[in-house]
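Me: I have a structure open and do not know how to read it. Can we go through some of its features in turn?

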Amino acid sequence: MRIIAAFLMLIGLTVPASARESPTPFEMRAVQLPDVLSGKIKAEAFFSPTFLNEIPAAQIRQIADQLVAQHGAVRGVEAVRAETRVNGEVDIGYDRATVTMQLVTAKDAPNFVIGLQVTGVRARDDSLAKLSAEFASLPGKAGFLIARHGRANAFEALAAVNSDDQLAVGSTFKLWVLAEAVAQVKAGTRKWSDVVPLGPPSLPSGITQDWPVGSPMTLHSLATLMISVSDNSATDTLMTALGRENLDNRYVAVGRSDARNAVPILTTLEAFVLKMPMRAKERAIWEAGPLKARRALLKSLRPKLAMIDRTAFGDRPAHIDSIEWFASPSDIAESFSALRLSDSKEALDILAINRPLPPNEINRFAYVGYKGGSEVGVMSMSYLIKTKAGDWFTVTGTWNNPTAAVDERQFEALLQRGINLIR
């Protein structure tokens, strides 16, 4: 059983420990948490040996130091919400934020902590202006947009940084593949239940790269794997089934005018092959060539997994300015809007399978859909959100740095702050 796991949102305010004769195990450990995070109490005196076997004290100290670096010094406990005698939520105050953590203790004395997870962050005195300024200051280039959707395929930008600039978005391009599947199903040329054979494997992420080629897959299962776990092999199979020209037309229709956004849209396997160090000649053709030359290049490559040296992908960005998929934050908002208005329950259900927000944030909304994308030097996260009042929003951000890896924790925290500001 995993020690750290996702929990349901908890409600109800506990009676302060000072008002009781004896605090519960959860309350006892909750009040100690700030001293653990600040290093005044050793991890061995707080966490169970089993917990420390999975997450050593040194790693706990590293995480605690990262929280301090992001949010300032630990102030203390701000709130405690118990579900039972042994588990609940604790709000820990930092100089610049309140961090919510789920805490679980053992039932038996000495009631060591057996589970601890950060489930939410709320910045103090935060604003859209502050958030936008921090996005603009990221090294490399970043784009950001919080948009409120209207009844038609239009949106109002509430906060924006480089929102019309195209950036490398990694697997976020799979939104356009999903949109094409929705369009073909709506037109009657395809059905979600259509069965197609699984194509050649690509590199992970995903799971189907290890499945037998030719395994029968429905369009719905391919789309589900593509979005929920960003399965590259399922994506390439779905792209083949939908047709490259159809995908090219959809991609061009959404994208802003930019040479890097030229078609044909690459499959994931084609992108991996072209990024290989020994493919400099082919990259030059791709970067300079018109559509006809690019199509001929891809046909000549006939990419196979055997052509990829997995050890060649290091810890430096690889051609993210040319061998990639590009979109602006506005493009992503428009794509989310089109999916929202498509009346495709299947598409919205698929987008909601991956639950990337803490439980207390998920439960604040009526709907949350998500797609992200990343590789070294590229991070993209996009949320389609419906409030319980019925308003729809897109929160999307992309960060590119062609010279170094991006800080994924920092980027995720910025997007989380944007979501926190939606009311």
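Reply: Start with a cut-off for exposure: a residue counts as buried under 20% relative accessible area, as exposed over 50%, and as partly exposed in between. Keep in mind that this is a predicted model.

Me: By that cut-off, is H319 buried, exposed or partly exposed?
Reply: H319 has a relative accessibility of 29%, so it counts as partly exposed. H319 sits in the loop between α11 (291-301) and β10 (326-327).

Me: What should I look for in the backbone at H319?
Reply: Most residues other than glycine have a negative phi, and most peptide bonds are trans. H319 is not a glycine, yet its phi is positive, about 55°.

Me: Which residue in the loop between β3 and β4 should I look at for the same topic?
Reply: Look at N111, which is placed in that loop between β3 and β4. N111 is not a glycine either, and has a positive phi of about 55°. With 11% relative accessibility, N111 counts as buried, because the cut-off is 20%.

Me: Where is there a cis peptide bond?
Reply: The bond from A109 to P110 is cis, with omega near 10°. P110 also belongs to the loop between β3 and β4.

Me: How do I read the strands on either side of that loop?
Reply: Strands of a sheet pair through backbone hydrogen bonds, either parallel or antiparallel. Here β3 (residues 97-105) and β4 run antiparallel and are joined by 9 bridges. One bridge to find on screen pairs L103 with L116 in β4.

Me: How many strands does the sheet have, and in what order?
Reply: The sheet is open and has 4 strands, in the order β1-β2-β3-β4, with antiparallel pairing. Its edge strands are β1 (74-82) and β4 (113-123), each of which pairs on one side only. From one strand to the next, the twist averages 25°.

Me: What pairs with β12?
Reply: β11 is joined to β12 by 10 bridges, and the two run antiparallel. β12 also pairs with β13 (residues 392-400), again in the antiparallel sense, over 9 bridges. To trace the pairing, find S374 and its bridge partner M379 in β12, then I385 and its bridge partner F393 in β13.

Me: What happens at the turns between these strands?
Reply: The hairpin of β11 and β12 has 2 residues between the strands, and G377 there takes a positive phi near 90°. The hairpin of β12 and β13 has 4 residues between the strands, and in that hairpin G390 takes a positive phi near 100°.

Me: Why is β12 described as largely enclosed?
Reply: Of the 10 residues of β12, 9 are buried, so the strand is largely enclosed by the rest of the structure.

Me: How do I read a pocket?
Reply: Rolling a probe the size of a water molecule over the atoms shows where empty space is left. In this model, the second largest pocket has a volume of about 620 Å³. Its lining has 31 residues, and S171, P204, F272, S374 and E375 lie nearest the centre.

Me: Which element gives the most to the lining of the second largest pocket?
Reply: β11 gives the most, with 6 residues. At least two lining residues come from each of α9 (268-275), β11 (365-375) and β12 (378-387). By type, the lining divides into 14 nonpolar, 12 polar and 5 charged residues.

Me: Is R279 buried or exposed?
Reply: R279 is buried, because its relative accessible area is 18% and the cut-off is 20%. R279 lies in the loop between α9 and α10 (280-288). Leaving aside residues up to four places away in sequence, R279 touches V273, L274, L301 and M307.

Me: How do I read A157 in β6?
Reply: A157 belongs to strand β6 (residues 155-161). Its relative accessible area is 45%, so A157 is partly exposed. Beyond residues up to four places away in sequence, A157 touches L145, I146 and A147.

Me: How far apart are the C-alpha atoms of A157 and A333?
Reply: Those C-alpha atoms are separated by 9.7 Å, while A157 and A333 are 176 residues apart along the chain.

Terms used. Residues are numbered from 1 along each chain as its sequence is written. This is a predicted model: local features need pLDDT of at least 70, side-chain atom pairs count only at pLDDT 80 or more; totals for chains, interfaces and linings use all residues. Side-chain values use heavy atoms; hydrogens and water are left out. Two strands pair if DSSP finds at least two bridges between them. Axes are lines fitted to C-alpha atoms, for helices over the stretch in contact, and angles run from 0 to 180 degrees between N-to-C directions. Buried means under 20% relative accessible area, exposed over 50%, partly exposed in between (1.4 Å probe, protein chains only). Contact means heavy atoms within 4.5 Å. On a 1 Å grid over the protein atoms alone, a cavity is a set of points where a 1.4 Å probe fits but cannot get out, and a pocket is an open set with protein on both sides within 12 Å along at least five of seven lines; lining residues have an atom within 4 Å of a point. Grid points are joined across faces, edges and corners, and a volume is the space filled by probe spheres set on the points. Ala, Val, Leu, Ile, Met, Phe, Trp, Tyr, Cys and Pro count as nonpolar, Asp, Glu, Lys and Arg as charged, and the others, Gly among them, as polar.
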